[in-house]
Amino acid sequence: ARKGVLNAENLAALGPDRLASLLMELAGGDTTVRKRLVLAVAETSGPGGVIKAVDRRLSALATARGHIEWEKARAFAAELDGLRRSIAESLTPRDPAAAADRLERLLGLGPRLIERVDDSDGRIGAVLERAVADLGAAWTQISSRDPDTLAEKVLGLVVADQYGVYDEMIAAATPALGEVGLLALGDLARKAFSEKPPPAKARSFNWRRTRLQQVLAEVADARGDVDGFIAVQTAENGGPVNTRAIAGRLLDANRPDEALSWLDKETARPGLRVMTYADLEARSSPPERPAGLDWERETLRIRALEMLGRRDEAQDSRWRLFEHTLHPDLLRSYLKVLPDFEDDAALDRAFALASTHASALMGLSFLIRWPNLRLAAELVSRRADALDGRDYEILNPAAEALGERHPLAATLLHRRLIDSVLERAASKSYPYAARNLAACAALADVVDWSAAASPSHDQYVADLRARHGRKSGFWSIVS
């Protein structure tokens, strides 16, 4: 290993005495390090030592009430993860039943832990999600596990989760539950779902019923029971019917006719709304991104039509969805099915559609991703004013893609990005605007300004200073 670099090999070369001294020094000023070292030392004394050390930490967490400020949240999450790792990596191989019990206790504290911490970054939730996977692995290693008892534990943890961090609990527990345990879990959830709420707790009970419905759906999925999943979705007093989820499972089960029937229903129950192309066309302006639900519904519908051998209808659906989304993968799928010699004409039609699309941004995005850089450059030259400089996630990569072969179009995109930042006085984005101005300068020598309808680079910079000369934060970066 290269000398002077901080890595495991160089640290090992320090020797045990020097490392121990350094760790004791660190532990004296950092409680997180000290707690982790206590657990590490306990791991050398066998499962009994680990259990004793882990139980002390779990008891301390159970009784603690103080709020943990955001600047200490990272260290607290690291401490929790160290506790989780000690259980999963040291205790599970030696005593999986004891490990499972401690992981259950840790997860049982999950809601309280999240409420004590400003967890806007999701660090605590991420630790608990890893603990869910660890718990599933520990349960699987217990040879004497009782599926009925395990089903009760799973349901209790899932229903108590108000923050969505145990969403993978049933999937993690499925190998340990087996068919018997899954059936028991479904029976417990159905019984709880059928209970009537006390009037004073109706609101919280409704949330609990939603969770129970999710449990029933996941059990059906785990058992490969499509009809069971549909029964959950359409249950009385259940939540909104997810027709797309039903259709997807029916297609996976090779039941395309039933899937298509579900997708084509406008209302499967009161309150269900399925968006159609008419809804999209009625919008005052087209969406800048594909609408998630519409995309999902139509791609499922296309898949069902293909499975039923109705290829002409599938092609019509592909093209209509492409018209609204300009998604390259849809066009590729459309062209792939066409007879020989028809694909060139269809491709020309697609390029014409993108070039004149109501959303210049969507048109540019498609032409860059396909790619057709010549048409993309022409679109920029004709419709630069219609491109919003705030859409840097599309305009910036487009400018880079066009830079070598179409420097004028690339320059226009860089200018749109610069103007947007300065016009909004978005000071945090001044470094990005400065980089775009530098990119304009780098392209200036290869642009034929005599044939361009736009001002030269020097003229643009002079105009920029006239309009935004007082934005010293920007100009200090540029100069």
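**Notebook: helices, patches and a long reach**

I started at Asp-348, which sits in helix α19, the stretch covering residues 343-356. Worth jotting down that I'm working with a predicted model here.

Asp-348 has company. I found it in a surface patch of negative charge, together with Asp-340, Glu-342, Asp-343 and Asp-344.

Next I looked up the overall make-up. The protein has 26 helices and zero strands. I also checked burial: 46% of the 479 residues count as buried.

Then the overall dimensions. The C-alpha trace spans about 85 × 65 × 50 Å along its principal axes. I get a radius of gyration of 30 Å for the protein, whereas a compact globule of 479 residues would come out near 23 Å.

Over to the start of the chain. Leu-6 is in the segment before α1, and α1 itself is 8-12. Is Leu-6 buried or exposed? I have it down as exposed, because its relative accessibility is 74% and the cut-off for exposed is over 50%. Leu-6 also belongs to a nonpolar surface patch with Leu-11 and Leu-14, and the three together show about 300 Å² of accessible area.

Last stop, Ala-137. I placed it in helix α8, residues 123-140. Its relative accessible area is 37%, so I noted it as partly exposed; that label goes to values between the buried limit of under 20% and the exposed limit of over 50%. I also took a distance from here: the C-alpha atoms of Ala-137 and Leu-308 are 41 Å apart, with 171 residues separating the two along the chain.

Key:
Residues are numbered from 1 along each chain as its sequence is written. This is a predicted model: local features need pLDDT of at least 70, side-chain atom pairs count only at pLDDT 80 or more; totals for chains, interfaces and linings use all residues. Side-chain values use heavy atoms; hydrogens and water are left out. Patches are made of residues with over 30% relative accessible area and no salt bridge: like charges are joined within 9 Å, nonpolar side chains (Val, Leu, Ile, Met, Phe, Trp, Tyr) within 5 Å. Accessible areas come from the Shrake-Rupley method with a 1.4 Å probe; for residues, only the protein chains shown count as cover. A salt bridge is a side-chain nitrogen of Lys or Arg within 4 Å of a carboxyl oxygen of Asp or Glu. Lys and Arg count as positive and Asp and Glu as negative; His and the chain ends are not counted. The place of a charge is taken as NZ of Lys, CZ of Arg, CG of Asp or CD of Glu. Helices (H or I, at least four residues) and strands (E, at least two) are DSSP runs, numbered from the N terminus. Buried means under 20% relative accessible area, exposed over 50%, partly exposed in between (1.4 Å probe, protein chains only). The radius of gyration is taken over C-alpha atoms; the globule rule is 2.2 Å times the number of residues to the power 0.38.
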